[in-house]
Amino acid sequence: MIVLLIAFLLAIFVLPNVWAKWVLARHAKGRDDYPGTGAELADHLLRRLGIEGVKVEMTEQGDHYDPEARRVRLSREHYEGRSLTAVTVAAHEVGHAIQHHEGYAPLIARSRMVGVAHRAEKIGALLMMAAPFLFILTRLPGGLAMVIVMAVISFGTAALVHLVTLPVEFDASFNRALPLLREYVPPYDMPGARHVLTACAFTYVAASLASILNLGRWLVILRR
């Protein structure tokens, strides 16, 4: 039973990220037949779609779209890269810019919740640091209920953000980026592009499951 549990947790926490890295690396080889880099494609798509005020930047913080600064940020290998992975990741991040431009509700909700989630995670960290005191507190009248509420608020908020993130990421990949890529990527490369988008999507699924499991773990611990 323990072995099966360890295998299950390994599959959730490790394998999706390992698989995603393998898929991205597999399609990261430079392509002379591609007319531009990831950054150039992103900039072209933004101009073509009439999304004004959004800039494309290089970052060391991982590929993402910043709705507050209105920036499509790409890592160096995707900003400068002329590969299937580079253009696919760039199209995905432009997909988020399209969502923002169109007022896509789940993206707006996620953006508003991120700040709350960061504060909630800090509370969760304090709960873990204060574990010895919580043991005493839960023996006091009403103490257990208070601690459980605190845990649910802190870890539950983080789990909710991850769950809201799922439709945002899937929409950016398969409803926004994929149709655009069909116009710029050769047909024989489209299965690879879908492969890249699917691998990245599964990392968000894994993060959501891990967050929910973390919440459940704390509820079990606090009920003891």
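Trainee: Buried means under 20% relative accessible area, and exposed means over 50%, with partly exposed in between. So at 9% relative accessibility, does D189 count as buried or exposed?

Mentor: D189 counts as buried, because 9% is under the 20% cut-off. Keep in mind that this is a predicted model.

Trainee: Which residue forms a salt bridge with D189?

Mentor: R31 does, and the closest N and O atoms of the two are 2.8 Å apart. The pair links distant parts of the chain, with 158 residues from one to the other. R31 sits in the loop between α2 and α3 (38-48), while D189 sits in the loop between α8 (143-181) and α9 (190-223).

Trainee: Why would two such side chains pair at all?

Mentor: Side chains of opposite charge can pair when their charged atoms come close.

Trainee: How many salt bridges are there in the whole structure?

Mentor: A search finds 11. One of them joins the side chains of E57 and R73, at 3.1 Å from N to O. E57 belongs to strand β1 and R73 to strand β3, so this salt bridge ties together parts that are 16 residues apart in sequence.

Trainee: Is R73 buried or exposed?

Mentor: R73 is buried, since its relative accessibility is 18%. E57 is partly exposed, because its relative accessible area is 28%.

Trainee: Any other salt bridge I should look at?

Mentor: Try R76 and E80, whose side chains meet at 3.2 Å, N to O. R76 is partly exposed, with a relative accessible area of 43%, and E80 is partly exposed too, at 44%. There is also a network: E57, D66, R71 and R73 are joined by salt bridges that share partners.

Trainee: Let me step back. How many helices and strands does the protein chain have?

Mentor: There are 9 helices and 3 strands. Along the sequence the order is α-α-α-β-β-β-α-α-α-α-α-α. Of the 224 residues in the chain, 43% are buried.

Trainee: How do the strands pair, then? Start with β1 and β3: parallel or antiparallel?

Mentor: Strand β1 (residues 55-59) pairs with β3 in the parallel sense, over 5 bridges. K55, for instance, stands opposite R71 in β3. Strand β2 (residues 64-66) pairs with β3 in the antiparallel sense, over 3 bridges. There, Y65 has V72 of β3 as its bridge partner.

Trainee: And how many of the residues of β3 are buried?

Mentor: In β3 (residues 71-75), 4 of the 5 residues are buried, so by the 20% cut-off the strand is mostly covered.

Trainee: What do β2 and β3 form?

Mentor: They form a hairpin with 4 residues between them. R70 is in that loop, and R70 has a positive phi of about 55° although it is not a glycine.

Trainee: Why point that out?

Mentor: Because most residues other than glycine have a negative phi. As for cover, R70 is partly exposed, with a relative accessible area of 29%.

Trainee: New topic, helix α2. How far apart are its end C-alpha atoms?

Mentor: They are 16 Å apart. Helix α2 covers residues 15-26, which is 12 residues, and at 1.5 Å a residue the expected span is also 16 Å, so the two agree.

Trainee: Which residues of α2 are buried?

Mentor: P16, A20, V23 and L24. They lie on the same side of α2, because they cover an arc of only 95° around the axis. On the other side, K21, A25 and R26 are exposed.

Trainee: Which residues make the nonpolar surface patch?

Mentor: V14, L15 and V18 make it, and the patch is about 240 Å². V14 is in the loop between α1 (2-13) and α2. With a relative accessible area of 35%, V14 is partly exposed.

Trainee: Last one. Where does K122 lie?

Mentor: K122 lies in helix α6 (residues 105-129). K122 counts as exposed, because its relative accessibility is 59%. K122 and S154 are 32 residues apart in sequence, yet their C-alpha atoms are 7.8 Å apart in space.

Notes: Residues are numbered from 1 along each chain as its sequence is written. This is a predicted model: local features need pLDDT of at least 70, side-chain atom pairs count only at pLDDT 80 or more; totals for chains, interfaces and linings use all residues. Side-chain values use heavy atoms; hydrogens and water are left out. Helices (H or I, at least four residues) and strands (E, at least two) are DSSP runs, numbered from the N terminus. The expected span of a helix is 1.5 Å times one less than its number of residues. Buried means under 20% relative accessible area, exposed over 50%, partly exposed in between (1.4 Å probe, protein chains only). The arc is that of the directions from the helix axis to the C-beta atoms. Patches are made of residues with over 30% relative accessible area and no salt bridge: like charges are joined within 9 Å, nonpolar side chains (Val, Leu, Ile, Met, Phe, Trp, Tyr) within 5 Å. Accessible areas come from the Shrake-Rupley method with a 1.4 Å probe; for residues, only the protein chains shown count as cover. A salt bridge is a side-chain nitrogen of Lys or Arg within 4 Å of a carboxyl oxygen of Asp or Glu. Two strands pair if DSSP finds at least two bridges between them.
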